[in-house]
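Reader: I'm new to reading protein structures. Could you walk me through one, feature by feature?

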Amino acid sequence: MSLPKPVMRGLLGKRLRFHIPLAFAFALVAGGLIKYGVTEPRKRAYAEFYKNYDGVKEFNHMREAGVFQSVRPSGE
Amino acid sequence: MFRLTASRVGGLLARRPAAALTAASSRPSSGEVSRPVDMSRPQYWDRRVSPLPDRPFREALSAEDKALKQKEKGPWGQLSREEKIALYRISFQLTYPEMNQSSSEWKTVLGGIFIFIGLTGLLVIWQSYYVYPPQPLTFDEDWRARQLQRMLDMRVNPVEGFSAKWDYEKGQWK
């Protein structure tokens, strides 16, 4: 009936040595994924949108559709 | 003042610490009224989180148990395996594997949850038919179509979101 004596000391240290680098790695990976999966595509989408954006044309379209209160469609 | 009636800790979901709290001597045999546990005295328990209870399991020892306890005062290498187990059983009722035994209680719990969710579902259906007032007119098909057209006219979220998915030249979704 003699079992080996279980480890009594250094349990927290062992856990931290394992989990803290793991946490760092996960955080970096998560950050990288968000940067290259979300923010970069979003920046590109906005750049694309504004490359050939004609604000006056859009305004006139919206005016004709009748969504503004300050200017009514050109017909009225 | 410190009485705990066994009836209060019984029920469908018998909790093991509570069952162990009623000391073996106070557990009634069939036909007896259960005696309340005097909680002002040291208690015995089988719990994973606090391993050493206030008192050993069996305090009234037979003659051979007393002889064993005497032998325990000597070098432990001289105790046989059966004697060590007997000493454990004097001090404790259950071993850790016995204490940690899983039960099928989760099936009861899950079943009860689903039953009550189902009853609630019936109640919700009845309520939506008999209790709710008529829907606002903003829910009508026609109104929603005109609302959608107005959102497109206003160019809601034109870069990545709503209006970005509408093809303004062709007048249809991309």
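Author: Sure, and let's begin with a term. A residue is called buried under 20% relative accessible area, exposed over 50%, and partly exposed in between. Keep in mind that this is a predicted model.

Reader: Okay, so how does Glu160(B) count on that scale?

Author: Glu160(B) has 37% relative accessibility, so it counts as partly exposed. Arg42(A) has 43%, so it is partly exposed as well.

Reader: Which residue does Glu160(B) form a salt bridge with?

Author: First the general idea: side chains of opposite charge can pair when their charged atoms come close. In this model, Glu160(B) forms a salt bridge with Arg42(A), and their closest N and O atoms are 3.0 Å apart. The pair joins two chains, because Glu160(B) sits in the loop between helix H6 (141–153) and strand S3 (166–167) of chain B, while Arg42(A) belongs to helix H1 of chain A.

Reader: How many salt bridges are there between chain A and chain B?

Author: The count is two. Besides the pair we just met, Arg155(B) forms a salt bridge with Glu58(A), with 2.8 Å between the closest N and O atoms. Over all chains, the structure holds twelve salt bridges.

Reader: How do I read the size of the interface?

Author: The size of an interface is often given as the accessible area lost when the parts come together. Here the area buried between chain A and chain B is about 960 Å², and carbon and sulfur atoms give 66% of that. If you'd rather look at residues, eleven of chain A are in contact with nine of chain B. There are also two residue pairs in polar contact between the chains, both at pLDDT 80 or more.

Reader: Which elements of chain A give two or more residues to the side that touches chain B?

Author: Those are helix H1 (11–51) and helix H2 (55–65) of chain A. The largest share, five residues, comes from H1(A). Sorted by kind, the residues on that side of chain A are eight nonpolar, one polar and two charged.

Reader: What happens at the two ends of H2(A)?

Author: At the N-terminal end, Asp54(A) acts as a cap: one of its side-chain oxygens lies 3.4 Å from the backbone nitrogen of Val56(A). After the helix comes Gly66(A), which has a positive phi, near 90°.

Reader: And how should I read a salt bridge inside one helix?

Author: An α-helix has 3.6 residues a turn, so residues three or four places apart point the same way. Take Lys51(A) and Glu48(A): both lie in helix H1 of chain A, three residues apart, about one turn. They form a salt bridge, with the closest N and O atoms 3.5 Å apart, and both residues are exposed.

Reader: Where do Arg144(B) and Glu141(B) lie?

Author: Both are in helix H6 of chain B, again three residues apart. Their salt bridge has its closest N and O atoms at 3.3 Å. Arg144(B) counts as partly exposed at 44% relative accessibility, whereas Glu141(B) counts as exposed at 59%. Salt bridges can also share partners: Lys35(A), Glu40(A) and Lys43(A) are joined into one network that way.

Reader: Last one: how many helices and strands does chain B have?

Author: Six helices and four strands. Starting at the N terminus, the order is β-α-β-α-α-α-α-α-β-β. Chain B has 174 residues, and 18% of them count as buried.

Technical notes:
Residues numbered from 1 in each chain as written. Chains lettered and ligands numbered in written order. Predicted model: local features only at pLDDT ≥ 70, side-chain atom pairs only at ≥ 80, totals over all residues. Heavy atoms only, no water. Contact = heavy atoms within 4.5 Å. Buried area = accessible area lost by both parts, 1.4 Å probe. Salt bridge = Lys/Arg side-chain N within 4 Å of Asp/Glu carboxyl O. Polar contact = N/O pair within 3.5 Å; in protein donor to acceptor, adjacent residues only side chain to side chain. Nonpolar A, V, L, I, M, F, W, Y, C, P; charged D, E, K, R; others polar. Buried < 20%, exposed > 50% of the residue type's maximum accessible area, 1.4 Å probe, protein only.
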